[in-house]
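Okay, thanks for squeezing me in today. Let me put the sequence and the structure up, and then I'll walk you through them.

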Amino acid sequence: MPKKCIICDNPAQYVIKDTSDGYCQECAIECFNDTSLLLSVEEQAQELKKLIKENMNDNVGEVWKEVNDDTEEGVDELNSDGEPNNF
Ligand SMILES: [Zn+2]
C-alpha cells in the first residue's frame, strides 16, 4: 500500500523517521522547510527490508533444519510407495 501524505492525501514521498506519518514533497517542505529531517519512503522501505531480513535470518536457520529433517523422511516414504526412483 503506498503511503499517503497526512495533510493533502497525495502519495507520500517522505516519512518522519520512526513514525508512520507520510508527507508529499510540498507539504514536507511547507512543514519542515526542508526534507533533511525526513526519510524518503524508499529509504524507509529499504531499512524495513533490512530489518525483516535480519530477523528472518535468525529464524530461517531453525525452520530450514526442521523442514529438511521432515523432507528426508517424506522422500523415503514416497519412493517406497511406488514412485519411480530415478536417482
Ligand atoms: Zn501533502
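Let's start in the sheet: β1 and β2 run antiparallel, and two bridges join them. If you want a spot to look at, find V15, which stands opposite G22 in β2. Now zoom out a bit. The sheet is open and has three strands, in the order β2-β1-β3, with antiparallel pairing. That leaves β2 and β3, residues 38–40, as the edge strands, each pairing on one side only. In case anyone wants the reminder, strands of a sheet pair through backbone hydrogen bonds, either parallel or antiparallel.

Before I go on, please keep in mind that this is a predicted model. The average pLDDT for the chain is 78, and 66% of the residues score at least 70. Where is confidence highest and where is it lowest? The high end is β2, at 93, and the low end is helix α2, residues 41–80, at a mean of 71.

Right, the overall layout. There are two helices and three strands, and along the sequence they come as β-β-α-β-α. Of the 87 residues in the chain, 10% are buried.

So what's inside? The largest nonpolar core has seven residues: A12, Y14, V15, Y23, C24, A28 and L38. V15 is the one I pointed to opposite G22. Y23 is worth clicking on too. Setting aside neighbours within four places in sequence, Y23 is in contact with C5, I6, I7, A12, Y14, A28, C31 and L38. Among those, A12, Y14, A28 and L38 are also in the core list.

Next, two residues away from the strands. C8 sits in the segment before β1. Is C8 buried or exposed? It has 12 other C-beta atoms within 10 Å, so C8 counts as exposed. Even so, C8 touches C24 and C27, not counting residues up to four places away in sequence. C8 and E26 are 18 residues apart in sequence, and their C-alpha atoms are 9.5 Å apart.

The other one is D18, in the loop between β1 (14–16) and β2 (22–23). D18 is exposed because it has just 8 other C-beta atoms within 10 Å, and the cut-off for exposed is 12 or fewer. From D18 to Q44 is 26 residues along the chain, with 9.1 Å between the C-alpha atoms.

One last number, for the whole chain: among contacts with a separation of 6 or more, 20% are between residues 24 or more positions apart.

How values were computed:
Residues numbered from 1 in each chain as written. Predicted model: local features only at pLDDT ≥ 70, side-chain atom pairs only at ≥ 80, totals over all residues. Helix = DSSP H or I, 4+ residues; strand = E, 2+ residues; numbered from the N terminus. Buried ≥ 20, exposed ≤ 12 C-beta atoms within 10 Å, placed from the backbone. Contact = placed C-beta atoms within 7 Å. pLDDT = per-residue confidence, 0-100. Core = buried A, V, L, I, M, F, W, Y, C linked by C-beta atoms within 7 Å. Pairing = 2+ DSSP bridges.
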